[in-house]
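User: I would like a close look at one internal part of this protein, followed by enough of the surroundings to place it. Please keep the account plain.

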Amino acid sequence: MTNDHPRIAVVGAGLGGLLCATALHRYGIDTTVFEGDPGPDHRDQGGSLDLHEDTGQAALRTAGLHDAFMSLARPEDQEVREYDHTGRLVHREESPSSSSRPEIDRTALRGILLSALGEGEVRWGTPVRAVTPTLDGPARVTLGTGTVEEFDLVVGADGAWSRVRPAVCDTRPFYTGNTLVEMCFTDVEEHHPELSRTIGRGMMIAVDRSDTEHVLIGQRNGDGIRVYIGLKGPQDWAERASVDLSDSAAARTHFLKLFAGWHDDLLRAIREAKGPFINRPVHRLPYPHTWKHNPAVTLLGDAAHLMPPAGQGANLALIDAADLAGAIADAVTAGVPLGRAVAHYEEIMQPRGAVAAEQSARALEQ
């Protein structure tokens, strides 16, 4: 390494990893981005995100991408509706005329980042098997093929089950006792107009306050609607209930029985689902989640502070990435060791992540 040309690897081409690489390129610092997926369209990237002014949007400004974001954002999709199980609307927040948290589909946001970075900059189909720090030297990245490459800094942006995290700590995510079962609806205005009206322009949650073991959540996306059945129980709930989620008809029957007595306007979310029913157990890391500093390895996003979905995960991944890229650029400009940049970044990121993780955990409990 020369201080003005550090060898930096970003593991994971999700939102945080791509923004980190994009920001570093904007500062004139090259990166190598490793991604196990064979291409950007290999799998569904998830639902809609609301990007916060002081985190997600601030990070996009750092990367020069805020205008591109606003061209695709949906500020009109910020409505919130809460129903009870009888179908009565008990609370509503209308979409503000000017929102500081506009929505955007995760796939669309990832597309903005890939376009800015250039898809040729990502080494698709290149999973990382392990990362091994060395004493006062570079970190070794072992790829799925067994090939080993060395980098002055490896950034773990590879999510909940990070292969980079074990290089700095032995902490693993644990199951929270909650599961989401996801269903997707497209062409909703033509094929599911009643469901569309029930959910509205944003997010809907329906709860039976006398039985909070299961809830219904609806989310407006740019290309349709996603519905989540929230369940409390063991992670192997489907096996215990003898439910085969790959059999959409059987899954539909099971959930209609589970929600028996709920209003028909709400049950449409289950009755009209064609499948697949996707099981998504909710895991998190303990908070605060810290590790012994290593100058050649660090983490961002879910790899650093995995938390239940409560509107903060993607925003934190983006601002983590922007802060880390800025710290690296400052170190390179000043000619100081890269490890100082990593330490400075972690001093900011870890407490911020701990606060958000606690808030998300409490929201899940409620």
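How much space lies in the largest cavity, and which residues line that cavity?

Analyst: The model is a predicted one, and every value below is computed from it.

The largest cavity holds about 50 Å³ of space. The structure has 1 cavity of 30 Å³ or more. Its lining is made of 13 residues, and those nearest the centre are His289, Ala304, His305, Gly353 and Ala354. Two helices, α10 (302-305) and α12 (338-365), each contribute at least two residues to this lining. Of the elements involved, α12 gives the most, with 5 residues. Sorted by class, the lining has 9 nonpolar and 4 polar residues, while charged residues are absent from it.

The second largest pocket offers a point of reference. About 260 Å³ of space lies in that pocket. It is lined by 14 residues, with Asp136, Gly137, Pro138, Pro295 and Ala296 closest to its centre. Here the classes come to 8 nonpolar, 4 polar and 2 charged residues. Charged residues are therefore part of the lining of this pocket under the class scheme used, in which Asp, Glu, Lys and Arg are the charged types.

Next, the chain around these spaces. Proline 288 is in the loop between β16 (278-284) and β17 (297-299). The peptide bond that leads into it from tyrosine 287 is cis, with omega near -5°. A second cis bond joins glycine 275 to proline 276, with omega of about 0°. Most peptide bonds are trans. Proline 276 sits in the loop between α9 and β16, and glycine 275 is placed in that loop as well, which runs from α9 (264-271) to β16 (278-284). Glycine 275 counts as partly exposed because its relative accessibility is 27%, and the partly exposed class covers values between 20% and 50%. Its C-alpha is 39 Å from that of glycine 64, and the two glycines are 211 residues apart in sequence.

Serine 162 belongs to the loop between β11 (153-156) and β12. With 6% relative accessibility, serine 162 is classed as buried, since that class takes values under 20%. Setting aside neighbours within four places in sequence, its contacts are Leu299 and Ala303. Leu299 falls within the range of β17 (297-299), and Ala303 within that of α10 (302-305), one of the helices that supply the cavity lining. The C-alpha atoms of serine 162 and alanine 130 are separated by 9.4 Å, with their positions 32 residues apart along the chain.

Leucine 180 lies in strand β12, which spans 174-185. Not counting residues up to four places away in sequence, leucine 180 touches Tyr228, Ile229, Gly230, Ile278, Asn279, Arg280, Val282 and Pro309. Among these, Ile278, Asn279, Arg280 and Val282 carry numbers inside the range of β16 (278-284). Leucine 180 is also 37 residues along the chain from isoleucine 217, at a C-alpha separation of 9.4 Å.

Two residues have unusual backbone angles. Most residues other than glycine have a negative phi. Aspartate 187 has a positive phi of about 50° although it is not a glycine, and it is located in the loop between β12 (174-185) and α5 (188-191). Serine 242, also not a glycine, has a positive phi of about 55°. Its place is the loop between α7 (237-240) and α8 (248-258). Serine 242 counts as exposed because its relative accessible area is 67%, and the exposed class begins over 50%.

Finally, the protein as a whole. It contains 12 helices and 17 strands. The radius of gyration is 21 Å, close to the 21 Å that the globule rule gives for 366 residues, so the protein is as compact as a globular protein of that length. The C-alpha trace spans about 65 × 45 × 35 Å along the principal axes. Of the 366 residues, 52% are buried. Among contacts with a separation of 6 or more, 70% come from residues 24 or more positions apart. The accessible surface is about 16500 Å², and carbon and sulfur atoms account for 48% of that area.

Key
Residues are numbered from 1 along each chain as its sequence is written. This is a predicted model: local features need pLDDT of at least 70, side-chain atom pairs count only at pLDDT 80 or more; totals for chains, interfaces and linings use all residues. Side-chain values use heavy atoms; hydrogens and water are left out. On a 1 Å grid over the protein atoms alone, a cavity is a set of points where a 1.4 Å probe fits but cannot get out, and a pocket is an open set with protein on both sides within 12 Å along at least five of seven lines; lining residues have an atom within 4 Å of a point. Grid points are joined across faces, edges and corners, and a volume is the space filled by probe spheres set on the points. Helices (H or I, at least four residues) and strands (E, at least two) are DSSP runs, numbered from the N terminus. Buried means under 20% relative accessible area, exposed over 50%, partly exposed in between (1.4 Å probe, protein chains only). The radius of gyration is taken over C-alpha atoms; the globule rule is 2.2 Å times the number of residues to the power 0.38. Contact means heavy atoms within 4.5 Å. Accessible areas come from the Shrake-Rupley method with a 1.4 Å probe; for residues, only the protein chains shown count as cover.
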